[in-house]
Amino acid sequence: MALTRREFLKWSGTAGAAAAAMCLGFDLMPVKSYAAGLKILKAKEATTICPYCAVGCGIIVHTKKSGKLLSTEGDPDHPINEGALCAKGAGLYQMTVNRNRKRFPLYRAPESDEWEEIEWDEAIQKIAEKIKETRDATFTEKNDKGQVVNRTTGIAHVGSAALDNEECWLLQGIMRAMGLVYIEHQARI
Amino acid sequence: MTNHWIDIRNSDCILIMGSNAAENHPISMKWVGKAKDKGATLISVDPRFTRTSSKADIYAPERSGTDIAFLGGMMNYILSNNKFHKEYAANYTNASFIVGPKYAFKDGLFSGYDPKTKKYDKSFWAFEKDANGVPKRDLTFKDPRCVFQLMKKHYSRYTPKTVSAITGTAEADLKKIYETYAKTGAVDKTGTIMYAMGWTQHTVGVQNIRMMAMIQLMLGNMGRPGGGVNALRGESNVQGSTDHCLLFHIWPGYLGTPKASLTTLADYNAKNTPKTNDPLSANWWQNKPKYMASFLKSMFGETATKENDFGYSWMPKIDDGKTYSWLDIFDEMYKGNFKGFFAWGQNPACSGANSNKTRKALAKLDWMVNVNIFDNETASFWKGPGMNPDEIKTEVFFLPCLTSVEKEGSITNSGRWMQWRYAAAKPPRGPKGDGDIMVELFEKVRSLYEADGKFTDPIKNLRWDYVKDGKYDPHAIAKLINGYFEQDTTVKGKSFKKGTLVPSFAFLLDDGATSSGNWLYCQSYTEKGNMAARREKKDPTGMGLYPEWSWCWPVNRRILYNRASVDLNGKPWSANKNILEYKDGKWIGDVPDGGWPPMSNKEKTKRPFIMKPDGVGSVFGPGRVDGPFPEHYEPLECPVPKNLMSSQRMNPVAPVYGTEADEHYSCDPRFPFVGTTYRVTEHWQTGVLTRWQPWLLETQPQLFVEMSHELAKLRGIKNGDMCKVSSARGKVEAVAMVTGRFRPMAIQGLTVHEVGLPWCFGWVYPKDGGDSANLLTSSTGDPNTRIPETKAFMVNVEKLGKRRA
């Protein structure tokens, strides 16, 4: 009988543990008592893929009911990493639960030597205005040869290989719809 | 990767060169280890004895920037000792093709070179064709104008003695490695290559990879388990972001960005759709018009019609002959030619070559938007070293985003597996998901254009039915990427209702009846569900393909070019390497590269390399801008007075930028040592995500410069001393790490020292942790791709004093 580690833990955590133990032919009680002490026992479990290199290791994310991140660990069922992780992947928890994260949009005015916090609405409004102003001022309908090019060369964009596929597609879509041709990201370098 | 991570275990010989898998892709070593357990040999070639080297059966050092010389010598060994896989090379590569009379090679230059424009006319390298327009072949390889003979002649110049004098690798080491790797030319053996930026970040980056691909083709290692050409990609979704083409030269699915001269879709299709006269060539790219029309339908939805060329003219065009690459962006920005700039999920002030040029360029902008989780050297460039905020006019917006466990979507790993991630943790108050930021920003821009503005068509017509109530929905976009039938349609005898998801790209059409945001991902999200979320762990072939775990492009094919893994009768070249077999009229195993019968069925077969117009692997590559055969050239900055192979010191067509920030020197006593950059396990890329994490920072707290005992003695430096490392373009302060892992090399009668620095640090955080090693690197690059040459440059190292407490 083949059991994954997670199924094994699930079995051991149920009332049927004793029966399961009989099926398995060995005593699950030590595992049960260990699991009972874990803070992830009643945690919600979701799978994710490591956000660092492109090996694509599986990671299990444990959260409280409130959504608070409790822990991350290598996914033993994932065929590539089989539960193993490198130092970065093993520390994934700390990228999210981290007091150094920036919480609100920041704005630096021309010639200023400091950041100021601004509201999202204001940031989006201001950036959108900058885009329109720059696009309209630099938009080229025809190049020197008279060929239709419909582009703006006043704005460039880089990033990002850290985005999800769906975000990448959307981003290329909106940038190209706005007429950008200078679009690049990590893959180039 | 043509293959995938688990497949490494099927290899008999693993060459790790141009990468340091043990430290930068640590879990990949699990599969290297499994191969070794079964008797495989691991070879590590690296300027520095890395942790990968420590696991290797054979290690040899080489000077940075000399890989073509190293591998050219290997090709010479393989061809002159008949170690290649003859039947494979004859049938599945262009080694038998006859090259036209205009092809020539002399003193480092191929024919067709124009010294004024520094460009080649590639028509000089065309194949000779028969009356039907099919390339002529000599399957015996005897014709002196066949690729095999030209290649043999070309690489006969790469003798062990010459190669050793260029690379600094001992002749005995070269011999041992050549002999060992060439054994994978045996029919029952396969060898693989694991490379990364150590090969790509050069003025000969593309030809480095081609050189190895040619070796893999000649040894019969392509398409086979334990073989292939495997790029170890460095970012979790850099495969996906490349596939979706956040790049100037391609649109999603590798559709070339239209040039200004191609004014209609018909012009584009005529120019960009490859043609073949060979009835045995599948020439899969002949389907490009279907993918192009389907992409435009996904961009503009119902407003894209046959009558308006599906909105082709709404899309921005690039000028013929001009590049808009990373290096060009920062060159133009440095010259003050941009007003606005987005650095979205990226930290160019540290990640790009020649960081001083990049940082000065940012100061010339009117406005910049940076989206990131943490503060970084790009966002805060205006208060960085050497900057005077009072004089910098750039308005900067920093938008905080979510981490990968706080949002939902897919990423594609190096083995092309598209894997789904879930929103597991509740985001903190404040930051927003990148997708939501994109939606909000574009909706705002569109609303501003409601009243007036330049050329509003593409902004108003951008398809937006996948956004509901201003909310980003990854499932809706994943479906759009897969594609829909846009009307009731019958294709290939099957009828589909409007609004149905397209089952695979074989059903895409060029008449507007289908949409697909990216044809390569068509089949990833179908009426059967979200393929990327699958977690079924079956392995029917026993070769580690796991076909129902996630999904991989194209059409869930786990090993590319897999029909080259079988002989002409459809049997695996050897029974121990079986991922695919033609049995009882059908293919068993991996998803084959097309369902045609094997080559012995001359009526119905197609050649295995279906993406190539000739249907075979290109050992002769007439499509590259710098020559059909890789040739050794020195990096822009090098320690030797001349290139031993020819009088062309550097790649004659490599771009060299000319601002005062682009100074470069070779053989200059002020910068006598070779420099290179690398990464450490504990940090990721520029360190923007990892330096802020106390656990990781504690393990790797600051910049170091690694050097040999000999160099340290020469400069009076002790392990732990603070040093200044400088190049023509910048300087950094770093702690000396004196090890036996770098050794001086004897090259052209000179003693050449090489030093290395990780590029994961930056001035923002931690304080006194050091700055980016890219302050030292140069902004030249490969002429095909314009990837910067950040892996080989010249530096000086001086002692500053004892390490700070």
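This passage describes the interface between chains A and B and a sheet within chain B, as seen in a predicted model.

The two chains share an extensive list of contacts: 115 residues of chain A are in contact with 159 residues of chain B. Together the chains bury about 12500 Å², of which 63% lies on carbon and sulfur atoms. On the chain B side, the most area is lost to chain A by Ile27(B), Leu246(B) and Phe397(B), which together account for 6% of what that side buries. Nine salt bridges are found across the interface of chain B and chain A. A salt bridge also joins the side chains of Lys130(A) and Glu395(B), with an N to O distance of 2.6 Å.

Helix packing was examined between helix H7 of chain A (residues 165-177) and helix H19 of chain B (residues 474-482), whose axes lie 9 Å apart at an angle of about 70°. H7(A) and H19(B) are therefore roughly perpendicular to each other. Asn165(A), Glu166(A), Trp169(A) and Leu170(A) make the contact from H7(A), while H19(B) contributes Pro474(B), Ile477(B), Ala478(B), Leu480(B) and Ile481(B). By class, seven of these residues are nonpolar, one is polar and one is charged.

Within chain B, five strands form an open sheet with parallel pairing, in the order S3-S2-S1-S8-S9. Strands S3 (58-60) and S9 (229-231) of chain B each have a single partner strand, so one side of each is left without a neighbour in the sheet. From one strand to the next, the twist averages 15°. Strand S8 of chain B (residues 191-195) pairs with S9(B) in the parallel sense over three bridges, and Ile193(B) stands opposite Val229(B) in S9(B).

Conventions. Residues are numbered from 1 along each chain as its sequence is written. Chains are lettered from A and ligands numbered from 1 in the order in which they are written. This is a predicted model: local features need pLDDT of at least 70, side-chain atom pairs count only at pLDDT 80 or more; totals for chains, interfaces and linings use all residues. Side-chain values use heavy atoms; hydrogens and water are left out. Axes are lines fitted to C-alpha atoms, for helices over the stretch in contact, and angles run from 0 to 180 degrees between N-to-C directions. Helices (H or I, at least four residues) and strands (E, at least two) are DSSP runs, numbered from the N terminus. Angles under 35 degrees count as roughly parallel, over 145 as roughly antiparallel, 65 to 115 as roughly perpendicular and the rest as oblique. Contact means heavy atoms within 4.5 Å. Ala, Val, Leu, Ile, Met, Phe, Trp, Tyr, Cys and Pro count as nonpolar, Asp, Glu, Lys and Arg as charged, and the others, Gly among them, as polar. Two strands pair if DSSP finds at least two bridges between them. Buried area is the accessible area (1.4 Å probe) that two parts lose on being put together, summed over both. A salt bridge is a side-chain nitrogen of Lys or Arg within 4 Å of a carboxyl oxygen of Asp or Glu.
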